[in-house]
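Colleague: Could you walk me through one sheet and the helices packed on it? I have a few questions ready.

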Amino acid sequence: MPSREEISYFGAGPAPLPTPVIEQSAEALVNFENTGLGLSEISHRSPTANKVLADAKSALSTLYDIPLEGDDAYEILFMQGGGTGEFSASVQACVGWWVERRRRRAVAELGEGKDAEVVERVRKEIKEELKLDYLVTGSWSLKASQEAARLIGSNYVNVAVDARKSNNGKFGVIPAESEWNLSDSKKSAMSYWCDNETVDGVEFPKFPDCLKGRTEDDGVVVADMSSNFVSRKINVRDYGMIFGGAQKNLGIAGITVIIVRKSLLALTPAPTFLQQLSDVLPSAIPPVVFDFATIAKNNSLYNTLPIFNLYVATLVLQSLVSTFAEKKVGGQEELANRKASLIYEALDQYSDTYHVVPDKSIRSRMNICFRIKPKADSNAEPGKWDEAREKEFLASAEKKNLMGLKGHRSVGGMRASNYNAVSLTSAEKLVAHLVEFAATS
Ligand SMILES: Cc1ncc(COP(=O)(O)O)c(C=O)c1O
């Protein structure tokens, strides 16, 4: 039986976690801090559970410098439902916040007590103005935009950019911002993107310039960071909402984290108001477990939070805080960049053998997607990948305990996921395999 140290696992998620975290968690599952009970066996409302929650928030706010008090305060929420649950919930939340802003404006202009006129005014504005903007740069933002259309109707969804149109029908580029067709920010309820596209290996190199400086009156800036969470510095204040599933950089499947501007939660509309608009806005009311204002009001404990799963994430966050000290998440960013550079350098050096799928300018540091070319002396059609050679690559990698390198079933090829817990040693072993395979196969 191999030890954890002998295996290098590059799967895209669920993904490896630091061994000390797994060991401490395993102990906590059986007997948490010598209490004679495991952490999954106690109430999510107990002082112990509350401490785990407080520790998670404290470590995350330290790493990302999240303001928790004051005018620009943010809430950190832990919920269930995965990344998929959150991209659905973000639609309903942002539409609700937009509707409430419009309701307040209508009340201010029409006066109190004009309920029917207010509903009529907002209904008209929804039909004429409401838009949700999606930057579709890979499989996850595509799914999120499709979910928005399913929930509230495709007439409200504006795909501001579909990267496939600039790349022969495939993901792998991010068109220049000047080519994005964003709605008027006052009409937009949200501007959504997936910061790192796990399937396609595409990562936004930085926060989009055209979305900087958005105010309370503008569409909410929402980013899915499921697969690059706590892997680089961000300015939280640029975003209305950030979310991510835990099972890549943060912990194990079963919880998601949401960082949301507090002032937005105060804009959550009354369900009775939304019900009057159901003819133009079907499904605008979220299930209560996805209602961010309710979850925030109850300190993430509205219903049963899986505290063990949260504990694993807490240990991961605390270990980042203690490892990188004053560099905070910037320390992890340096390490992630170093590992990714080593792997990309090897792929580029042996470009007769390997082809990196996405464009160089937007290569993901987290999910490194590549194909293997046919040998120069083969009769293969130009532009085709050598799937037999790819199988050989994977099989020979597995013999060296380099696991989880197969690409997503929808795109094929190889994908080396370079998440936070993938060690520098594992990255170096992969580089050695890339070099050897190119030289000998
Ligand atoms: C970027 C991204 N968003 C969303 C999801 C969906 O997450 P979940 O399976 O937790 O719903 C994934 C899953 O891999 C992902 O990589």
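What follows is a short conversation about a predicted model.

Colleague: Happy to start with the sheet! In what order do the strands of the open sheet come?

Modeller: The sheet is open and has three strands, with antiparallel pairing. Strands E11 (354-356) and E14 (414-417) each have a single partner strand, so they stand at the edges. The order is E11-E12-E14.

Colleague: Which residue in E12 does His355 stand opposite?

Modeller: E11 pairs with E12 (residues 367-372) in the antiparallel sense, over three bridges. In E12, the residue opposite His355 is Arg371.

Colleague: Which strands does helix H10 touch as it packs on the sheet?

Modeller: H10 spans residues 329-349, and its direction makes about 15° with that of E12. Helix H12 (residues 424-440), by comparison, lies across E11, E12 and E14, at about 130° to E11. The strands touched by H10 are E11 and E12.

Colleague: Are H10 and H12 roughly parallel or antiparallel to each other?

Modeller: Their axes are 9 Å apart, and the packing angle is about 0°. Angles under 35 degrees count as roughly parallel. The two helices, H10 and H12, are therefore roughly parallel.

Colleague: Lovely. How many residues of the contact of H10 with H12 are nonpolar?

Modeller: On the H10 side, the contact includes Leu342, Ile343 and Leu347, while the H12 residues include Val431 and Leu434. Charged residues take part too, among them Arg338 and Lys339 in H10 and Glu428 in H12. The contact has three charged residues and no polar ones, and the nonpolar residues number nine.

Notes:
Residues numbered from 1 in each chain as written. Predicted model: local features only at pLDDT ≥ 70, side-chain atom pairs only at ≥ 80, totals over all residues. Heavy atoms only, no water. Pairing = 2+ DSSP bridges. Helix = DSSP H or I, 4+ residues; strand = E, 2+ residues; numbered from the N terminus. Contact = heavy atoms within 4.5 Å. Axes fitted to C-alpha atoms, helices over the stretch in contact; angles between N-to-C directions. Parallel < 35°, antiparallel > 145°, perpendicular 65-115°, else oblique.
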